[in-house]
Amino acid sequence: TEKGRESLFTDTAGHVRWYWPVAGIQLKDTVYIYFTGVERATGGLGFAVNGKDKLVKLKFPEMEVVGYNSLSDFKGINFGVGFINDENNGYVYAFGHKYKEGGQNDMYVARFPASRPGQAWESWNGNTWSTDHENALSVRENAGFTPMVCKVRDKYVLINSELSIGCDQGNEIYVSVSDHVTGPFSESKSIHTIDDTVQGHYPFFYVPVAHPQFINDKDEILITYNVNGYGTCVEGCTDNRMDPDHYRPRGIRVPLSLIDPEL
């Protein structure tokens, strides 16, 4: 690890600046994880992204950190919401999102050679791939809250959640699909309403993720999402104890035909 680094996730003493691990991908004997740089901030959730993202390298199967690649300034785009390795052309495609007001995100895509992940990444500008990220073109506007992208068979699948930053807010999981890595993506449609209610209240939830490696013999894909408590709607602590079920990942099975009839 780098000199002075307290752990895999922190960058400075006192935890003033740290990293939020997002998507990862294994390329041969190395696992690469996108680390979003964040730091303390007033208001909101108490932190903000700082644009100092890194690609962390871990040796597989030991899972030992063997290096950090500092990434380019992506002009506010977080390219950590889905990696897709195209073995036919030797590139890895990295999907990213840029937050805008109203709980929405615009989606972008970049690429880098699978053999050289630390090389300068190129983003799609509508006509070609370029290292000028200022002119990156959104491949899906209004992609929802906490979007993630994966490839399911021959389709590019975008899963996202309804805006939820507290209890009794959003409770829908949406999907949109594209035939091409650069879009266009279909209009979003709801595929699941979460049912994790407590005392009639919905939780703060986020980051639904589709797992194409876990498609069962009924052609149902595993989708996970995260529940992060019930905020001010439900008493969170009783006798100095919190219910661990109020802060857990959840899993559902969704028929591929519901996502797209061609799957």
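The radius of gyration used here is taken over C-alpha atoms, and the globule rule is 2.2 Å times the number of residues to the power 0.38. For the 263 residues of this chain, the rule puts a compact globule near 18 Å; the chain has 19 Å, which agrees. The model is a predicted one.

## Overall form

Along the principal axes, the C-alpha atoms fill a box of roughly 50 × 50 × 40 Å. The secondary structure consists of 1 helix and 19 strands. Of the 263 residues, 46% count as buried. Contacts between residues at least 6 apart in sequence were also sorted by separation, and 46% of them join residues at least 24 apart.

The chain exposes about 13700 Å², of which carbon and sulfur atoms supply 48%. Its charged side chains number 24 positive and 34 negative, and the centres of the two sets lie 6 Å apart.

## Cysteines

The structure holds 1 disulfide. It joins Cys 167 to Cys 233, with an S to S distance of 2.1 Å. The pair links distant parts of the chain, 66 residues apart: Cys 167 lies in the loop between β12 (155–161) and β13 (172–178), and Cys 233 in the loop between β16 (220–228) and β17 (237–238). The link of Cys 167 and Cys 233 is right-handed, with 75° about the S-S bond.

The two partners fall in separate accessibility classes. Cys 167 counts as buried because its relative accessibility, 13%, is under 20%. Cys 233 has a relative accessible area of 24% and is therefore partly exposed.

Cys 237 is in no disulfide; the nearest cysteine sulfur is that of Cys 167, 16 Å away. A disulfide requires sulfur atoms within 2.5 Å, so this distance rules out a link between Cys 237 and Cys 167 in the model. Cys 237 is partly exposed, with a relative accessible area of 36%. Cys 150, by contrast, is buried, at a relative accessible area of 11%.

## Residues in the fold

Ile 259 lies in helix α1, which covers residues 256–259. At 4% relative accessibility, Ile 259 counts as buried. Leaving aside residues up to four places away in sequence, Ile 259 touches Val 157, Val 175, Val 177, Lys 189, Ile 221 and Val 254. Ile 259 and Gln 104 are 155 residues apart in sequence, and their C-alpha atoms are 21 Å apart in space.

His 133 is placed in the loop between β10 and β11 (145–152). Its relative accessible area is 6%, so His 133 is buried. Beyond residues up to four places away in sequence, the contacts of His 133 are Ser 72, Asp 73, Phe 74, Lys 75, Ile 77, Trp 121, Glu 122 and Ser 123.

Ser 130 is in strand β10, residues 129–130. With the same sequence neighbours left out, Ser 130 touches Trp 121, Glu 122, Ser 123 and Asn 125. Trp 121, Glu 122 and Ser 123 thus appear in the contact lists of both Ser 130 and His 133. The C-alpha atoms of Ser 130 and Val 234 are separated by 49 Å, and the two residues are 104 apart along the chain.

## Backbone geometry

Most residues other than glycine have a negative phi, and most peptide bonds are trans. The model has departures from both patterns, and the cis bonds are listed below.

| Cis peptide bond | Omega |
|---|---|
| Phe 60 and Pro 61 | about 10° |
| Gly 183 and Pro 184 | about 5° |

Pro 61 is in the loop between β4 (54–59) and β5 (64–70). Pro 184 is in the loop between β13 and β14 (189–193).

Met 63 is not a glycine, yet has a positive phi of about 60°. Met 63 lies in the loop between β4 and β5, where Pro 61 is also found. At 40% relative accessibility, Met 63 counts as partly exposed.

Asp 219 likewise has a positive phi of about 60° without being a glycine. Its place is in the loop between β15 (205–215) and β16. The relative accessibility of Asp 219 is 35%, and the residue therefore counts as partly exposed.

How values were computed. Residues are numbered from 1 along each chain as its sequence is written. This is a predicted model: local features need pLDDT of at least 70, side-chain atom pairs count only at pLDDT 80 or more; totals for chains, interfaces and linings use all residues. Side-chain values use heavy atoms; hydrogens and water are left out. Helices (H or I, at least four residues) and strands (E, at least two) are DSSP runs, numbered from the N terminus. Buried means under 20% relative accessible area, exposed over 50%, partly exposed in between (1.4 Å probe, protein chains only). Contact means heavy atoms within 4.5 Å. Accessible areas come from the Shrake-Rupley method with a 1.4 Å probe; for residues, only the protein chains shown count as cover. Lys and Arg count as positive and Asp and Glu as negative; His and the chain ends are not counted. The place of a charge is taken as NZ of Lys, CZ of Arg, CG of Asp or CD of Glu.
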